[in-house]
Structures are given as C-alpha cells and as structure tokens.
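Here's a walk through a structure you may not have seen before. Keep the picture open as you read, and follow along strand by strand and helix by helix.

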Amino acid sequence: MTNRITSAVLEDLASKVAAATGMDVDINFSSAYGGYQVTTNNGSTILKHRGTAKETKAFLAGIHAGIYLQLRKG
C-alpha cells in the first residue's frame, strides 16, 4: 500500500517547520514550472527549488528532524 503525498500532507509539514523555526514557510505548486517549491518571506526567498512531492516531503521532513535533534541534544 502506498501513501499519496498530497498538497495537504506537504502543507502540514510546512506548518510544523514554520512553527519550529518561527519562519513563514510556504509551499507553492505549479505544474507548468515543475512542481513544488518551498519559500519563506512571503515567497521572496526560495528555500528549495521546484521538485516532486516526494523530494519536497523529504526536504521538509529533514528540516523538522534536524530541529528535533538539535533541541534534544541541548
């Protein structure tokens, strides 16, 4: 059984990252330009250029895990 990576899943991860970092992390999707993009600062700063949903989920999950590990270490 495969789990679909939907926009809702990515938005949920982005909100978790935003809450943990204090930044306004957003997800932007455009099929014409190549997929999902992760931005901050109201879209003016690109954190991750466009890619697939799987790549975007891995990027956001990595940030979330990194923050967790840093907080746990201290």
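**Finding your way around the sheet**

Let's start with one facing pair: Phe29 stands opposite Tyr36, which belongs to strand S2. Before going further, bear in mind that this is a predicted model.

That pair isn't alone. Ile27 sits across from Val38 of S2, and Asn28 has Gln37 in S2 as its bridge partner. Altogether, S1 and S2 pair in the antiparallel sense over five bridges. How many residues lie between S1 and S2 in their hairpin? There are four, and one residue in the turn, Gly34, has a positive phi of about 115°.

Now move on to the next pairing. S2 and S3 also run antiparallel, joined by four bridges. If you want one example to look for, Thr39 has Ile46 in S3 as its bridge partner. These two strands make a hairpin too, with four residues between them, and here Asn41 is the residue to spot, with a positive phi near 60°.

Put these pieces together and you get an open sheet of three strands in the order S1-S2-S3, with antiparallel pairing. Which strands stand at the edges? They are S1 (26–30) and S3 (45–51); each has a single partner strand, so one side of each is left without a neighbour in the sheet. From one strand to the next, the twist averages 20°.

**Inside strand S2**

What about S2 itself, is it enclosed or open? Six of its six residues are buried, so S2 is largely enclosed by the rest of the structure. Take Thr40 as a case in point: this residue lies in S2, which covers residues 35–40. Is Thr40 buried or exposed? Its relative accessible area is 6%, and because buried means under 20%, Thr40 counts as buried. Setting aside neighbours within four places in sequence, Thr40 is in contact with Met23, Asp24, Val25, Thr45 and Leu47.

**Adding the helices**

Next, bring in helix H2, residues 53–73. H2 lies across S1, S2 and S3, and runs at about 145° to S3.

H2 also meets another helix, H1 (residues 7–21): their axes come within 10 Å and cross at roughly 25°. Angles under 35 degrees count as roughly parallel, and H1 and H2 are therefore roughly parallel to each other. Their crossing is left-handed.

So who does the touching? On the H1 side, the contact residues include Leu10, Leu13, Ala14 and Val17, while H2 brings in, among them, Leu60, Ala61, Ile63 and Ile67. Lys16 of H1 and Lys57 of H2 take part as well, and so does His64 of H2. Sorted by kind, the residues in the contact of H1 with H2 come to ten nonpolar, three polar and two charged.

Technical notes: Residues are numbered from 1 along each chain as its sequence is written. This is a predicted model: local features need pLDDT of at least 70, side-chain atom pairs count only at pLDDT 80 or more; totals for chains, interfaces and linings use all residues. Side-chain values use heavy atoms; hydrogens and water are left out. Buried means under 20% relative accessible area, exposed over 50%, partly exposed in between (1.4 Å probe, protein chains only). Contact means heavy atoms within 4.5 Å. Two strands pair if DSSP finds at least two bridges between them. Axes are lines fitted to C-alpha atoms, for helices over the stretch in contact, and angles run from 0 to 180 degrees between N-to-C directions. Angles under 35 degrees count as roughly parallel, over 145 as roughly antiparallel, 65 to 115 as roughly perpendicular and the rest as oblique. A crossing is left-handed if the near helix is turned anticlockwise from the far one by less than a right angle, and right-handed if clockwise. Ala, Val, Leu, Ile, Met, Phe, Trp, Tyr, Cys and Pro count as nonpolar, Asp, Glu, Lys and Arg as charged, and the others, Gly among them, as polar.
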